[in-house]
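Reader: I'd love a close look at a single part of this model. Could you pick one strand, walk me through its surroundings, and then show me what lies elsewhere in the chain?

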Amino acid sequence: MATAKNKGEVHLDASNAARTAEQNEALQAIERLVRFALERRLIEPLDEDYSRNLLLELFSFSEPYLGDEELEALDGPQPALDVLIDYGFSIGLIPENTDTYRDLLDAKIMGNLMARPSEVIREFNSLKEDQGMEAATDRFYQLSIDTNYIRMDRVNKNVYWEHESEYGTIEMTINLSKPEKSPKEIAMAKLLPPPVYPKCLLCRENVGYAGRINHPARQNLRVIPLALNGEPWFFQYSPYVYYNEHCIVFHHDHVPMKLTKDSLRRLLAFVELYPHYFIGSNADLPIVGGSILTHDHFQGGRHTFPIQNAPKEAVFSHPDFAGATVSIVKWPMSVLRLTGKDSDVLLELADMIYESWKQYSDPTADIAAFSEENGEKVPHNTVTPIVHRTPDGSYEMDLVLRNNRTSEEYPAGIFHPHEEMHHIKKENIGLIEVMGLAILPGRLKEELDLTAEILAGDKGLYDGLMQQEDHVLKQHKPWIEQLVAKHGTNLSKEDAWKLVQTEVGSIFVEILGHAGVYKRTEAGKEAFRRFVSHIGCIPTHEMISR
């Protein structure tokens, strides 16, 4: 019969064996990551031992994996990273096993498996000179994926579908890629002092930064310098790409966004350098602007958005801008499309329209350029500009007219998602959504699934919604009642989900209409033409569709 001491020894032996197996698995993960880094050219062959040693030191190992077992190659870094982060938690490298802390260690690991910023920039410029800008961005984008800066494992979790509308195909996404902080982490972040360094998520000082509970780690971030309008800017990719090659172009300094003629000039300069990309700017006023107005930046990428496929309803010319056309676009928002081969002419035309719009009021269309607050004029008119090159090399700039007024009836914004739409989306309509790609909140994944369950016959769920004040679907209650009254509750789950997608797509198109300053009514179209006439444009083609 085993003694208590023997039992303790057996338990200790089992614990040691488990620990040894865990260590061996971590060592294998290090070896697999180093080989992956070599295969993907994140490091050079001469860097192999150095990079391996950095990871051994990080995880307190004195020697590498020495086994004879053939290690499976990695298609991406995540499987090996998950093993190492689990091990890192077990030995105390992170205090809690949450997404926030895991991401801090994730970036630190991959930062040890890539070239220094100057080397990445040197390779980018060399590729640009030898093979062209497209080859340079192809390599830089793949580098950003392979180093796990772009979290494709999370991006691939986003829900995507297309919605057919009178304006063409609209793209719909539910954003699941950004990890949510736990209540404890949110509480801890509130206790920290306001950030001083880096000042925001867009500052160049993020490159190589270790991060903290209220700021993501960026050891695996690299940026490319470029000159726009003779000024220093930087180019990088978004870590949670909303579309193909979703990039961010940001100012060298932490300066606030301000939309000026220089901004338009920079957009045109960018597509001169990166002709295979589009670029655009959020508006520079609250409500209609972007989420980060404190640091001047643009967004671009390699994607054809629904707005680019939208037809022209009327085409105009202007006597002062030869070779350029101005078109009204058939779109739920109010879009003027400027097209021409001469970027200098297009810049002057765009600036004239922008300056005119900032001063323009039309009480009959509920458009007021200014209001008065404490004796001062408060501006309300601005634009969301978008620029790309056409197949024949011409420049095309969409100026989406915006206004950020509020009223007693619409305290969140007159030209903003109205309150009855807030159960689907209440956030600002920014650049990406202006172009026809919906970015819906992650909460909708579960909520829309449950809505489909009701339409597919889940009576208990529906009764619970009708009876419980704190039901998870309470904000959708009026909408769901309408769906049930119209479509019943006997749909198949597949048909129910398709119906929910269609209904949400229609709501998003309606939201875009709310954000449009000129409504898609006969009166709204006439008011839009009044502005076009006001700026001196002359019709060359009558309306294609009224």
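Author: Happy to! Let's start with strand β10, where Val335, Arg337 and Thr339 point one way while Leu336, Leu338 and Gly340 point the other way, and all of them are buried. Please keep in mind that this is a predicted model. β10 covers residues 335-340, and six of its six residues are buried, so the strand counts as mostly covered, with buried meaning under 20% relative accessible area.

Now for the partners of this strand. Strand β9 (residues 325-329) pairs with β10 in the antiparallel sense, over four bridges. If you want a spot to place your cursor, try Thr325, whose bridge partner in β10 is Thr339. The link between β9 and β10 is a hairpin, with five residues making the connection.

β10 also pairs with strand β14, which spans residues 395-403; six bridges join the two, and they run antiparallel. Here Arg337 is a handy landmark, since it stands opposite Asp398 in β14. Arg337 is also one of the buried residues of β10, pointing the way that Val335 and Thr339 do.

From here, let's move to another sheet. Three strands form an open sheet in the order β1-β2-β15, and their pairing is mixed. Its edge strands are β1 (159-165) and β15 (437-440), each of which pairs on one side only. From one strand to the next, the twist averages 25 degrees. Strand β2, residues 168-174, runs parallel to β15, and four bridges join them. Within that pairing, Ile174 stands opposite Leu440 of β15. Helix α16 (residues 493-515) packs on this sheet and touches β1, β2 and β15; the direction of α16 makes about 65 degrees with that of β1.

One last stop is helix α3, residues 78-90. With 13 residues at 1.5 Å each, α3 should span 18 Å, and this agrees with its end C-alpha atoms, which are 18 Å apart. The match works because the expected span is 1.5 Å times one less than the number of residues. As for burial, the buried residues of α3 are Gln78, Ala80, Leu81, Leu84, Ile85, Tyr87 and Gly88. After α3 comes Gly92, with a positive phi near 90 degrees.

Note on methods
Residues numbered from 1 in each chain as written. Predicted model: local features only at pLDDT ≥ 70, side-chain atom pairs only at ≥ 80, totals over all residues. Heavy atoms only, no water. Pairing = 2+ DSSP bridges. Axes fitted to C-alpha atoms, helices over the stretch in contact; angles between N-to-C directions. Contact = heavy atoms within 4.5 Å. Buried < 20%, exposed > 50% of the residue type's maximum accessible area, 1.4 Å probe, protein only.
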